[in-house]
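User: I'd like to go through this structure and ask how each label was earned. Could you set the values against the cut-offs as we go?

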Amino acid sequence: GKTWLFGHNGGMKKQVLIDLIGEDYLVDHPPVVCTDNPPDTWIDSELYFIYLMKSIEERAWNVEQGIEHGLLSLYEVISEEDRYLNFFLTDGTTVWAFRKGTSLYYRYDDLTKQSYVSSTIPQEGQGNWKEFPENEIAVLKPDGEIQFIKLEVEYYHR
């Protein structure tokens, strides 16, 4: 019953995501972009989104638990040098973001009560941008408080 928005700044092998998602789930939840010659034309970012949504759904729609499980599963199958996993996800109210592999910044505007996420700071002097820590899931809520959930990844340095 929600509309989700997802953005990914990175890259990963599509086959890894396809294997994690599973054929049955992909039949019921196929990618909608570049469907002319599947799976060759599928986009890794859309597969990443489908995979995270599957993980969230499997955890009774607990978004933080689903993201954490999905990311840890990716850490098991993707080597350290290939982990470009930055993303943001929102249901229109809360924003979840994760940084691994490239830069990611955030800011909260007290006046408008809006949170922003960007892979680069748009302009110097434009708000109080802060860098996300790596390997932490950020939860940005409308009240302006940000919560960081540390992803326990010390066992995944392959």
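Analyst: Sure, here is a run through helices, burial, salt bridges and a few odd backbone angles, and keep in mind that this is a predicted model.

User: Let's start with α3. How do you know that the length of helix α3 agrees with what its 15 residues should span?

Analyst: Helix α3 covers residues 44-58, and at 1.5 Å a residue it should span 21 Å. The end C-alpha atoms of α3 are 21 Å apart, so the two values agree.

User: And α4, what does its span look like next to the expected value?

Analyst: α4 also has 15 residues, with 21 Å expected. From first C-alpha to last it reaches 22 Å, which is close to that.

User: What makes you call α3 mostly covered?

Analyst: Of its 15 residues, 12 are buried. Among them are D44, L47, Y48, I50 and I56. The cover comes from several places: the buried residues of α3 pack against β1 (5-11), α1 (14-21), α2 (23-28), α4 (63-77) and β2 (84-90).

User: Which elements cover the buried residues of α4?

Analyst: They include α1, α3, β2, β3 and β7 (136-140). The buried residues of α4 include V63, G66, I67, L71 and Y75.

User: Back to α3 for a moment. Why is K54 called buried, and what is E58 called?

Analyst: K54 has a relative accessible area of 15%, and buried means under 20%, so K54 gets the label. E58 comes in at 48%, which makes it partly exposed, since exposed needs over 50%.

User: What makes K54 and E58 a salt bridge?

Analyst: Their closest N and O atoms are 3.8 Å apart. The cut-off is 4 Å, so the pair counts. Both residues sit in helix α3, 4 residues apart, about one turn of the helix.

User: How many salt bridges does the structure hold?

Analyst: There are 7. One of them joins the side chains of K2 and D91, at 3.0 Å from N to O. K2 lies in the segment before β1 and D91 in the loop between β2 and β3 (95-98), so this pair ties together parts that are 89 residues apart in sequence.

User: Are K2 and D91 buried or exposed?

Analyst: One of each. K2 has a relative accessible area of 52% and is exposed, because the label needs over 50%. D91 has 13% and is buried.

User: What about E131 and R99, how do you know that they meet in a salt bridge?

Analyst: Their side chains come to 3.3 Å, N to O, and the limit is 4 Å. E131 is in strand β6 (residues 130-131) and R99 in the loop between β3 and β4 (105-109), so the bridge ties together parts that are 32 residues apart in sequence. R99, at 14%, counts as buried, while E131, at 43%, counts as partly exposed. There is also a network: salt bridges that share partners join E80, R83, K100 and E134.

User: What makes V32, V33 and I43 a nonpolar surface patch?

Analyst: The three make a patch of about 240 Å². Take I43, which lies in the loop between α2 and α3: its relative accessible area is 34%, and patch residues need over 30%, so I43 clears that bar.

User: Now the backbone. What is noteworthy about phi in A60 and N135?

Analyst: A60 has phi near 55 degrees, a positive value in a residue other than glycine. A60 is in the loop between α3 and α4 and counts as exposed at 67%. N135 also has a positive phi, near 60 degrees, and is likewise a residue other than glycine. N135 is found in the loop between β6 and β7, and with 12% relative accessible area it is buried.

User: Last one: how many aromatic pairs are there, and which residues do ring pairs link into a cluster?

Analyst: The count comes to 9 aromatic pairs, where ring centres must lie within 6.5 Å. Ring pairs link F6, Y48, F49, F87 and F98 into a cluster. Y48 is one of the buried residues of α3 as well.

How values were computed:
Residues are numbered from 1 along each chain as its sequence is written. This is a predicted model: local features need pLDDT of at least 70, side-chain atom pairs count only at pLDDT 80 or more; totals for chains, interfaces and linings use all residues. Side-chain values use heavy atoms; hydrogens and water are left out. Rings of Phe, Tyr and Trp (its six-membered ring) pair if their centres lie within 6.5 Å; planes under 30 degrees apart count as stacked, over 60 as edge-to-face and the rest as tilted. Helices (H or I, at least four residues) and strands (E, at least two) are DSSP runs, numbered from the N terminus. The expected span of a helix is 1.5 Å times one less than its number of residues. Buried means under 20% relative accessible area, exposed over 50%, partly exposed in between (1.4 Å probe, protein chains only). Contact means heavy atoms within 4.5 Å. Patches are made of residues with over 30% relative accessible area and no salt bridge: like charges are joined within 9 Å, nonpolar side chains (Val, Leu, Ile, Met, Phe, Trp, Tyr) within 5 Å. Accessible areas come from the Shrake-Rupley method with a 1.4 Å probe; for residues, only the protein chains shown count as cover.
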